[in-house]
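Me: I should like a close look at a single part of the model shown below, chosen as you see fit. Please place that part within the whole chain and give one connected account.

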Amino acid sequence: PGFLQPVFRIETIKSSINATIFPNPTANQVTIETTIILENVVIQIVDITGKILLNQKIAEFKTYTFDCSNWSNGAYVISLADSKNSLYSSKLIITR
């Protein structure tokens, strides 16, 4: 008798929030800009080790700027989620 292997399925999640992150790469500040006003948005930024550097809920925004001058050089992941379960995720590079 053989062993039954579990079936794994990978699904790609398409972004339902249209956002732009600039400048990218950056050294000091980053701006997130969306095409429409988003409500009850959670912004989360995670480094390559999984450490959460920013986890903030904003009642309403179309443009949001934050300071990253104290962060190390490297790659980070920015995630947005709003009250309608719309999602956005992007890579951010910090270089000095």
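Reply: A strand is here a DSSP run of E with at least two residues, a helix is a run of H or I with at least four, and both are numbered from the N terminus. In these terms the chain, which is a predicted model, has five strands and zero helices. The order of the elements from the N terminus is accordingly β-β-β-β-β. The part chosen for the close look is strand 2 with its partners, followed by the residues that link this pairing to the aromatic cluster.

Confidence should be stated first. The mean pLDDT of the chain is 87, and 84% of the residues reach 70 or more. Among the elements, strand 3 has the highest mean pLDDT, at 94, and strand 5 (residues 87–94) the lowest, at 92.

Strand 2 covers residues 29–47 and is joined to strand 1 (residues 19–22) by four bridges in an antiparallel arrangement. These two strands form a hairpin, with six residues between them. Within this pairing, alanine 19 faces threonine 34 of strand 2.

The pairing of strand 2 with strand 3 (residues 52–67) is also antiparallel and comprises 13 bridges. One of the bridge partners here is phenylalanine 66 in strand 3, which is matched with valine 30. Strands 2 and 3 likewise form a hairpin, with four residues between them, and glycine 50 in its turn has a positive phi of about 95°.

A further partner of strand 2 is strand 4, with six bridges in the antiparallel sense. Isoleucine 45 stands across from isoleucine 78 of strand 4, and glutamine 44 has serine 79 of that strand as its bridge partner. Serine 79 also has a bridge partner in strand 5, namely serine 89. Strand 4 and strand 5 pair over eight bridges and run antiparallel. Five residues lie between the strands of their hairpin, where asparagine 85 takes a positive phi near 65°.

Valine 77 shows this part of the arrangement at the level of a single residue. Valine 77 belongs to strand 4, which spans residues 74–81. Leaving aside residues up to four places away in sequence, valine 77 touches Gln44, Ile45 and Val46, as well as Ser89 and Ser90. The C-alpha atoms of valine 77 and lysine 91 are 4.6 Å apart, although 14 residues separate the two along the chain. Valine 77 has a relative accessible area of 37%, so it counts as partly exposed, this class lying between the limits of 20% and 50%.

Threonine 34, the residue opposite alanine 19, repays similar attention. Threonine 34 lies in strand 2 and counts as buried because its relative accessibility is 4%, which is under the 20% limit. Beyond its neighbours within four places in sequence, threonine 34 touches Ile17, Asn18 and Ala19, together with Phe61 and Lys62. A polar atom of the threonine 34 side chain lies 2.6 Å from the backbone oxygen of isoleucine 36.

The contact with Phe61 leads to the aromatic residues. Phe61 forms one aromatic cluster with Tyr64, Phe66, Trp71 and Tyr76. The aromatic pairs number four. One of them joins phenylalanine 61 and tyrosine 64 edge-to-face, at 6.1 Å centre to centre and 65° between the planes. Both phenylalanine 61 and tyrosine 64 are buried. Tryptophan 71 and tyrosine 76 form a tilted pair, with 5.4 Å between the centres and 35° between the planes. Tryptophan 71 is classed as buried because its relative accessible area is 15%, and tyrosine 76 is likewise classed as buried because its relative accessibility is 6%. The cluster also includes Phe66, the residue that bridges to valine 30 of the strand 2 and strand 3 pairing.

Finally, the whole chain gives the setting for this part. Of the contacts with a separation of 6 or more, 52% are between residues 24 or more positions apart. The chain has 96 residues, of which 31% are buried. Its exposed area is about 6800 Å², and carbon and sulfur atoms supply 53% of that area.

Technical notes:
Residues numbered from 1 in each chain as written. Predicted model: local features only at pLDDT ≥ 70, side-chain atom pairs only at ≥ 80, totals over all residues. Heavy atoms only, no water. Buried < 20%, exposed > 50% of the residue type's maximum accessible area, 1.4 Å probe, protein only. Contact = heavy atoms within 4.5 Å. Areas by Shrake-Rupley, 256 points an atom, 1.4 Å probe, with all protein chains shown as cover. Phe/Tyr/Trp six-rings, centres within 6.5 Å; stacked < 30°, edge-to-face > 60°. Pairing = 2+ DSSP bridges. Polar contact = N/O pair within 3.5 Å; in protein donor to acceptor, adjacent residues only side chain to side chain. pLDDT = per-residue confidence, 0-100.
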